[in-house]
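Welcome! Let us take a friendly walk through a protein chain, starting with the whole and then moving to a few of its parts.

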Amino acid sequence: PARIFSGMQPTSDSLHLGNYLGALTQWVALQDGNEAIYCVVDLHALTVGPDPAVLRERTRRTAAQYLAAGVDPERSTLFVQSHVAEHAELAWILSCHTGFGEASRMTQFKDKSAKQGAEGTTVGLFTYPVLMAADILLYDTAKVPVGEDQRQHLELTRDLAQRLNSRFGAGTFVVPEPHIVKETAKIYDLQDPTAKMSKSAGSPNGLIELLDNPKTIAKRIRSAVTDAGREIRFDPEHKAGVSNLLTIFSALSGRGIAELEADFDGKGYGDLKVALADLVVEWVTPFQARVHEYLDDPAALDAVLAAGAEKAREIAAPTLDRVYERSGLLARR
Ligand code: TYM
């Protein structure tokens, strides 16, 4: 069995359809036959300066959405990043091996710091990818299921693993592979199908939040931007909007794109949007009910997270010991 690790930031009340299709569905699938570890990365969320009470609430909400999507705490380890101190400790070690220029080239940092302005940019935002590398390397992770936007961070993680292996000896770290599923690696904004769906997008109408009112969700899908043509065909270059809708349809229904094209042959964009809106609402309604069940019992949810942190620590602690020892830190007695 391969070790799998991934995480999401609790920076919003709801995950969106891009998080779900790009990452969460892969997480659920990879539980079979692998040893999966899934994390709510609350330390990463601190980089956006959240209100403390809101962060706590969103951390539970994010965990509840993992569970409602099918992350099974009997088979996988589910925990909160700040509950395992080794993440922050390994991040320090890795930061001492990361070039300043190397970190400066991370495009997400450039985008986010441009948005927050020079004043709002913090050292935490700058070293964010190093903490992410620590998350992954602590668990001797083989595969990291993420969306396309995390590819560069995974490259940095691999570079750091290889660098420390050559400085401190083979076997210091496992060099992880990204697990990026081409079809759903980038779900696009419904109003601007050239931009990725994101919580910080221009218009809220381009975003499908999993915990939003199903009526709002349906309306946003029905008003998705398409093109001046008529034909329902998968052609991302010329028909970005329609292709994005077909991608979402295919991923949620498990039906192939060609089959959907055949089904909608001779029908109009309106038919596609109505059918997709129905499909999403049909899926999201029981999903929301499950999320609320988990949130209605925070003590039980916290117990799942505490048990997960315990299991995670058992793997993380020996990795950190190994790296401390190889780094020349005097052993703790
Ligand atoms: P985050 O919280 O921004 O996003 C969570 C996951 O959702 C994927 N994703 C998308 N996939 C397809 N289409 C989209 N429009 C879309 N938008 C987001 C992301 O690629 C991600 O997989 N840095 C990470 C969190 C992190 C992490 C880690 C991930 C911290 N440590 C260790 C993996 C391993 C992030 O910001 O994800």
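## The chain as a whole

The radius of gyration used here is taken over C-alpha atoms, and the rule for a globule is 2.2 Å times the number of residues to the power 0.38. For 333 residues, that puts a compact globule near 20 Å; the chain has 21 Å, so the two agree. Keep in mind as you read that this is a predicted model.

Along the principal axes, the C-alpha atoms fill a box of roughly 70 × 45 × 40 Å. The chain's secondary structure consists of 13 helices and five strands. Of its 333 residues, 48% count as buried. Look also at who touches whom: among contacts with a separation of 6 or more, 75% are between residues 24 or more positions apart.

## Two helices that cross

How do we describe a pair of packed helices? We give the angle between their axes and the distance between the axes. Here, α3 and helix α13 (residues 298-327) pack at an angle of about 80°, and their axes are 11 Å apart. Angles of 65 to 115 degrees count as roughly perpendicular, and therefore α3 and α13 are roughly perpendicular to each other.

On the α3 side, the contact is made by Arg60, Ala63, Ala64 and Leu67, while α13 brings Pro298, Leu301, Asp302 and Leu305. Sorted by class, this contact of α3 with α13 has six nonpolar residues, two charged ones and no polar ones.

## A buried residue: Gln65

Stay with helix α3, which covers residues 52-69, and find Gln65 within it. Is Gln65 buried or exposed? Buried means under 20% relative accessible area, so Gln65, at 0%, counts as buried.

What does the side chain of Gln65 reach? Its partner is the backbone nitrogen of Leu15, at 2.9 Å. Leaving aside neighbours within four places in sequence, Gln65 is in contact with Asp13, Ser14, Leu15, Leu24, Leu210, Leu211, Phe287 and Val291.

## An exposed residue: Gly202

Now turn to Gly202, which sits in the loop between β5 (177-179) and α9 (214-222). Exposed means over 50% relative accessible area; Gly202 has 80% relative accessibility, so this residue counts as exposed.

To get a feel for distances, pair Gly202 with Ser104. These two residues are 98 residues apart along the chain, and their C-alpha atoms are separated by 25 Å.

Technical notes: Residues are numbered from 1 along each chain as its sequence is written. Side-chain values use heavy atoms; hydrogens and water are left out. Helices (H or I, at least four residues) and strands (E, at least two) are DSSP runs, numbered from the N terminus. Buried means under 20% relative accessible area, exposed over 50%, partly exposed in between (1.4 Å probe, protein chains only). A polar contact is a pair of N or O atoms within 3.5 Å; within protein, one must be able to donate a hydrogen and the other to accept it, and residues adjacent in sequence count only if both atoms are side-chain atoms. Contact means heavy atoms within 4.5 Å. Axes are lines fitted to C-alpha atoms, for helices over the stretch in contact, and angles run from 0 to 180 degrees between N-to-C directions. Angles under 35 degrees count as roughly parallel, over 145 as roughly antiparallel, 65 to 115 as roughly perpendicular and the rest as oblique. Ala, Val, Leu, Ile, Met, Phe, Trp, Tyr, Cys and Pro count as nonpolar, Asp, Glu, Lys and Arg as charged, and the others, Gly among them, as polar.
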